[in-house]
Amino acid sequence: MKEEEVNFAKNERFQLTMIPGTVAKSMRTCVVWQFIRFLVINIKMLVVVSKSH
Amino acid sequence: MARLVVLGGGVSGHTAATFAAKWLGSSHEVVVVTPNSKWNWIPSNIWVGVGQMTKEEVTFPLAPVYAKAGINYKQAKAVSINPEGDASTDKPFVTIEYTEAGREGQIATVEYDYLINATGPKLNFAATPGLGDANGLGKFTVSVCTADHAEHAFEELTKVIAKMKAGERQKILIGTGHGMCTCQGAAFEYIFNVEHEIKKAGVRNMADIKWISNESFLGDFGMGGLHMKVGGYAVSSKLFAESLFAERNVDWLIGAHVHKVEAGKAHYELLDGSMGVEEFDFSMLIPPFAGVGLKAYNKAGEDITATLFAPNGFMKVDANYAAGAYENWKASDWPKTYQTPSYKNIFAAGIAFAPPHLISKPMSSPNGTPINPTPPRTGMPAGIIGKAVAHSVCDLITKGVNAHLHEASMAAMGAACVASAGKGLFDGTAAAMTVYPVVPDFEKYPGTGRDTDYTFGEIGLAGHWIKHILHHLFIYKAKLNPGWTLIPE
């Protein structure tokens with residue numbers, strides 16, 4: 001069974017959700033990709049902060 | 001020389017006092033009355049609660065900072081407000097009770113020209129029998145609302161992890177301890193940090209972890225949820241929250257009003273009216289918030305608390321408290337200047353102001369028990385409101401009573417929020433979110449109530465880095481280190 005499918009079997013409610021697969025999960029802690037996301041998120045947050053002051 | 005008195009030294013009060021002191025200079029006086037000797041960056045208490053930070057790392061002494069800023073600091077709690085003075089003086093004043101070591105219990109009065117009430121919440125553990133004592137250190141559950149509570153939570157968590165390592169299966173229950181709680185975000189962060197630490201300890205297979213909350217759906221967070229643009233879709237926060245819970249094998253119980261806690265048992269009522277009991281070996285349940293219980297008296301000494309404060313103890317400001325049913329709620333109901341309608345020299349900021357109504361759709365069980373999250377107004381909104389109110393008061397002092405008041409409606413401001421899901425430089429994750437505006441405006445944004453160009457969220461290591469950087473940045477700012485005014489709230 002694929003890693004992302006394991007938890008579907010653990011709880012009836014889990015079956016109605018989406019669970020990330022191996023690639024999606026590894027990207028969450030991929031340092032290079034996350035550094036890019038760090039820059040993007042910071043820019044997005046600064047825009048919201050500037051609109052709020 | 002005018003005197004501004006700020007009640008409270010949390011995010012909102014500290015922001016208001018420090019900016020007011022900077023803007024007013026030495027020509028006027030700023031007084032801060034707060035019962036605490038230390039400032040606490042509350043969002044990092046989560047990490048104290050799992051042993052990833054110490055109490056000392058999330059707090060610092062206030063006295064040297066206020067001395068540097070030229071602020072008159074009184075370590076005391078406010079007891080009452082006399083906005084018209086009393087029989088002996090026409091000058092408005094607050095009555096305070098010192099909490100400073102060596103002066104505990106001493107009563108004094110502090111006259112003011114302008115007053116900002118930023119007292120924050122009373123952690124109302126008493127609303128749920130068994131939830132905690134007056135200090136929050138209950139026999140049966142723990143809390144992460146203060147650094148001391150979080151330290152205690154970690155001590156208890158350590159015992160549970162030791163039991164799991166010894167082969168004893170443990171049930172962990174985390175969430176909200178009453179049907180009218182706010183701050184689901186803190187509990188959300190704590191449950192995933194606990195799960196992360198248990199996994200790191202190698203005993204994840206020995207733990208049954210369950211979420212219990214008063215939200216009618218996962219991802220409500222007291223804001224009625226939010227919609228984010230992801231992969232070309234506008235997606236509800238419900239889908240993302242449920243996905244994270246399923247991914248981390250955390251079961252959930254929602255629409256729950258915890259009405260009694262006993263040793264190892266949380267008694268609850270659900271939105272469908274049914275009653276149940278959830279057993280646990282370790283439980284962190286957030287208490288509901290209430291106003292701190294300030295009283296108010298007029299010149300004749302008559303009690304006018306109901307004039308200044310809503311029944312929940314929060315201060316009435318320029319909000320529309322007569323909006324009525326949910327269908328009639330509008331973004332314009334929310335306060336803009338935070339000036340009290342009855343006394344123009346009194347303002348409330350942060351958690352201390354009374355919201356006009358909920359943000360989430362009101363719900364109650366068939367038994368008539370209200371079960372819905374109350375509006376969050378911590379963090380970035382609290383800071384922005386504190387700064388706007390300080391700006392208004394400074395203008396009133398320096399430009400006269402007809403000065404324009406600055407506005408900071410939660411229906412016109414956004415918020416950036418980073419919810420930790422586990423700490424670690426390379427294996428940590430956090431959900432980084434922005435929401436604009438905090439209070440949905442269905443007249444301006446008829447679909448979701450919010451601007452989906454500025455409302456987004458994603459989970460990853462980048463979010464964790466941001467949360468960790470913000471920890472240091474906001475403590476740096478709160479200490480008034482060089483360039484502190486350049487760091488936004």
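Is Ser213(B) buried or exposed? I began with this residue, keeping in mind that the model is predicted. I found a relative accessibility of 0% for Ser213(B), and because buried means under 20%, Ser213(B) counts as buried.

Next I looked up where this serine sits in the chain. I placed Ser213(B) in the loop that runs between β11 (207–212) and β12 (227–230) of chain B.

I then turned to its surroundings. The side chain of Ser213(B) makes a polar contact of 2.7 Å with the side chain of Glu215(B). Leaving aside residues up to four places away in sequence, I listed Thr176(B), Leu253(B), Ile254(B), Gly255(B) and Ala256(B) as the residues that Ser213(B) touches.

After that I stepped back to chain B as a whole. I noted nine helices and 24 strands, and a box of roughly 70 × 55 × 45 Å along the principal axes that the C-alpha atoms fill. The radius of gyration of chain B is 22 Å, which agrees with the value near 23 Å that a compact globule of 489 residues would have.

I also checked burial and contacts across the chain. Of the 489 residues in chain B, 59% are buried, and among contacts with a separation of 6 or more, 67% join residues 24 or more positions apart.

Last came the surface and the charges. Chain B exposes about 18,300 Å², of which carbon and sulfur atoms supply 54%. I recorded 41 positive and 46 negative side chains in chain B, with the centres of the two sets 3 Å apart.

Definitions and conventions
Residues numbered from 1 in each chain as written. Chains lettered and ligands numbered in written order. Predicted model: local features only at pLDDT ≥ 70, side-chain atom pairs only at ≥ 80, totals over all residues. Heavy atoms only, no water. Helix = DSSP H or I, 4+ residues; strand = E, 2+ residues; numbered from the N terminus. Rg over C-alpha atoms; globule rule 2.2 N^0.38 Å. Buried < 20%, exposed > 50% of the residue type's maximum accessible area, 1.4 Å probe, protein only. Contact = heavy atoms within 4.5 Å. Areas by Shrake-Rupley, 256 points an atom, 1.4 Å probe, with all protein chains shown as cover. Lys, Arg positive; Asp, Glu negative; His and termini not counted. Charge placed at Lys NZ, Arg CZ, Asp CG, Glu CD. Polar contact = N/O pair within 3.5 Å; in protein donor to acceptor, adjacent residues only side chain to side chain.
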